[in-house]
Amino acid sequence: MAAPVSDDDAKTEEDFYAILNVRKEANDEELKSSYRRLCMFYHPDKHESEEDKAAAKAIFTKVQEAYTVLSQPEKRAIYDVYGKKGLEADWQVVPRTRTPAEIIEEYQRLQKENAERKLQQSTNPRGSVTVGIDATELFDSYHYDEDEDFIPHIEVKNMSIHQSIDAPLTVSETATFSGTLSTQNGNGTGNVSASCRSVLSSKTWGECSISAGTGPVLALKVFHNISRRSFVTCSGICQVGGNGLIAPGLVTVASRQLDKQTVGYLTWKWGMQSSMNATVMRDTSSNRFTGQIQLGLPNTFVLASYTQKFPGHDAQLTGTIKASVFGTYIEYGGDKKVSTHSRLGAKIAVGVPMGVTLKIRLVRANQVFLFPVHLSQEICPQAILYGTLAPIAIYFFVKAVIVTPFLKKQKESELEKQRASNTAERERRKQEAETEIRLMQDVVQRNREVETSRQGLILEKAWYGKLVSDVTADGPDNISVIDVTIPLQCQVKDSKLLLTDVSKTSLPGFYDPCIGEDKSLKVRYYFRGKLHECTVQDNEPLRIPKQSHMVDTR
């Protein structure tokens, strides 16, 4: 059975739709019209010399192959899902006589099976490392005598490491093993736990866990979807203390989706720290708001948090205020995506009695690194100022000096490897494109004469590739850009030029001049004697002439 076509395969394979210059939704009439038009250029009988006949035959074979596949519904469905390699595969599992809908259904079934296989093979490791740093001597002046030389002492006051892995047992059952080690002021503790989650139905799952450390703990949790917009969870906990006493506990959470972006939660805890908590969270594409009220022993508090998102920059800013019986604090900060799998953030928390704390957080895939730096035990303006400005300055310095040059060098290295691995294929396509252009010269000349006589669509110049700067009428002196004036003029019919929304590298007379980089198409043309100009991205459709393309020559 053929595997579904990947993104990398799609980039290296020639696109049958682009070869015929038709939409992916093209009907039989569109396919026939395009095929007949290409036959005028590349049918061997249209050329006289043996060299041209041989070259035309190779190109015509490719055009024929594209038309044969796209004109047959079964083959077309296989090509759409599996690509060109799928047409060469052994179709014993899915006979070629199946309908396109059945082939798509089979593809979706295989996708689901692959996902289940990957799930069973995945351990999904997750972890977190927290390093608490005491830097209060930097700002709390009462630690030393002003008449004495004093070097502030910065120390690690606590550290904890947590790690867990999942072990899928079946499609519906997953075991999780986790462990935590922590140390504070020279004293260390740790615990290990194991749990098993089982999906009982499409709406319910249950989880049982046991852990050991400060004392054995047994927990049972059940989740149930009441409706599409509501769910409830109930957790029972039983902990055995060092003196043999059993401390039971119960946690119940009910949730309701209030509207498309808003969810409400009610939480009831019973046991040693009984409380009632109400939470409302509204999350949109541009912002997020969270409000909480909790009544309980020993902690009662009110919390409000607002996050402003900047999707275009993969960044967000957050502000939080919390008032409780133990004190009040304000927290503000932000985080930003710094690479494909990494996110870096920093926040300042100012309050009573905690003082000033800087929290630095780095998320790398499923690993979280947290560094809370205690700057001052009191509300110190200096600590707040430096705690706010220092992370920002360090971030932009590291980004400019280390990260940006490294990423640029890495991208250039990847592009060089990609170009080197595709050098032979690029040269083959280049020679093929040059041959295609040579074979269409006569037809293009007649096309230009017809369009000139009617003051129709005449292409003055067209460029394709990495257009890093404006190009002149003589063309760019850049190997990353090629002249495609003749291939585009060849596509003109009845004073119109239509290109579909696929990559233009497979169009007759085109090839990829800058593999792995973004490409554009710039066209300068005359219509009704007026100069027009436009630029589109590689996968954008092109329809000319358009009045909006007219160049003001006054």
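Cys-196 stands opposite Cys-208, which sits in strand 5. On another strand, Ala-175 has Cys-196 as its bridge partner in strand 4. This is a predicted model, where local features need pLDDT of at least 70, side-chain atom pairs count only at pLDDT 80 or more, and totals for chains, interfaces and linings use all residues. Residues are numbered from 1 along each chain as its sequence is written, and side-chain values use heavy atoms, with hydrogens and water left out.

**Hairpins around strand 4**

Strand 3 (residues 173-184) and strand 4 (residues 187-199) pair in the antiparallel sense over twelve bridges. Helices (H or I, at least four residues) and strands (E, at least two) are DSSP runs numbered from the N terminus, and two strands pair if DSSP finds at least two bridges between them. The link from strand 3 to strand 4 is a hairpin with two residues in between, and Asn-185 in that turn has a positive phi of about 55°. On to strand 5 (residues 204-212): strand 4 pairs with it over eight bridges, again antiparallel. This hairpin, between strand 4 and strand 5, has four residues in the middle.

**A four-stranded sheet**

Further along there's an open sheet of four strands in the order 19-18-21-22, with antiparallel pairing. Strand 19 (481-483) and strand 22 (530-537) are the edges, each pairing on one side only. Neighbouring strands here are turned by 20° against each other on average, direction ignored; the axes are lines fitted to C-alpha atoms, for helices over the stretch in contact, and angles run from 0 to 180 degrees between N-to-C directions. Strand 18 (residues 457-465) pairs with strand 19 in the antiparallel sense over three bridges. Trp-463 stands opposite Asp-483 of strand 19.

**Salt bridges**

The structure holds 20 salt bridges, each being a side-chain nitrogen of Lys or Arg within 4 Å of a carboxyl oxygen of Asp or Glu. Side chains of opposite charge can pair when their charged atoms come close. Here are some of the pairs:

| Pair | Closest N and O atoms |
|---|---|
| Lys-309 and Asp-283 | 2.5 Å |
| Asp-335 and Arg-343 | 2.4 Å |
| Arg-428 and Glu-432 | 3.2 Å |

How buried or exposed are these residues? For this, buried means under 20% relative accessible area, exposed over 50%, and partly exposed in between (1.4 Å probe, protein chains only). Lys-309 counts as buried at 17% relative accessibility, whereas Asp-283 is partly exposed at 33%. Their salt bridge links distant parts of the chain, with Lys-309 in strand 12 (residues 301-310) and Asp-283 in strand 10 (residues 275-283), 26 residues apart. In the next pair, Asp-335 is buried, with a relative accessible area of 17%, and Arg-343 is partly exposed at 28%.

Arg-428 and Glu-432 are separated by about one helical turn, because they are four residues apart in helix 9 (residues 423-439). Arg-428 is partly exposed, with a relative accessible area of 35%, and Glu-432 counts as buried at 18%. Both belong to a network of salt bridges that also takes in Lys-62, Arg-429 and Glu-436.

**Nonpolar cores and a surface patch**

In soluble globular proteins, nonpolar side chains tend to be buried together. A nonpolar core is a set of buried Ala, Val, Leu, Ile, Met, Phe, Trp, Tyr and Cys residues joined through side-chain atoms within 4.5 Å. The largest one has 27 residues, and Phe-16, Leu-20, Leu-31, Tyr-42, Val-63 and Leu-70 touch the most other members. Helix 2 (16-20), helix 3 (28-42), helix 4 (50-70) and helix 10 (441-453) each give two or more residues to this core. Helix 4 gives the most, with nine residues. Apart from this core lies another, of 22 residues, among them Leu-459, Val-492, Leu-499 and Phe-510.

Some nonpolar residues sit on the surface instead: Phe-397, Val-401, Ile-402, Val-403, Phe-406 and Leu-407 make a nonpolar patch of about 560 Å². Patches are made of residues with over 30% relative accessible area and no salt bridge, where like charges are joined within 9 Å and nonpolar side chains (Val, Leu, Ile, Met, Phe, Trp, Tyr) within 5 Å. Accessible areas come from the Shrake-Rupley method with a 1.4 Å probe, and for residues, only the protein chains shown count as cover. Val-401 is in helix 8 (residues 381-421) and is partly exposed, with a relative accessible area of 49%.
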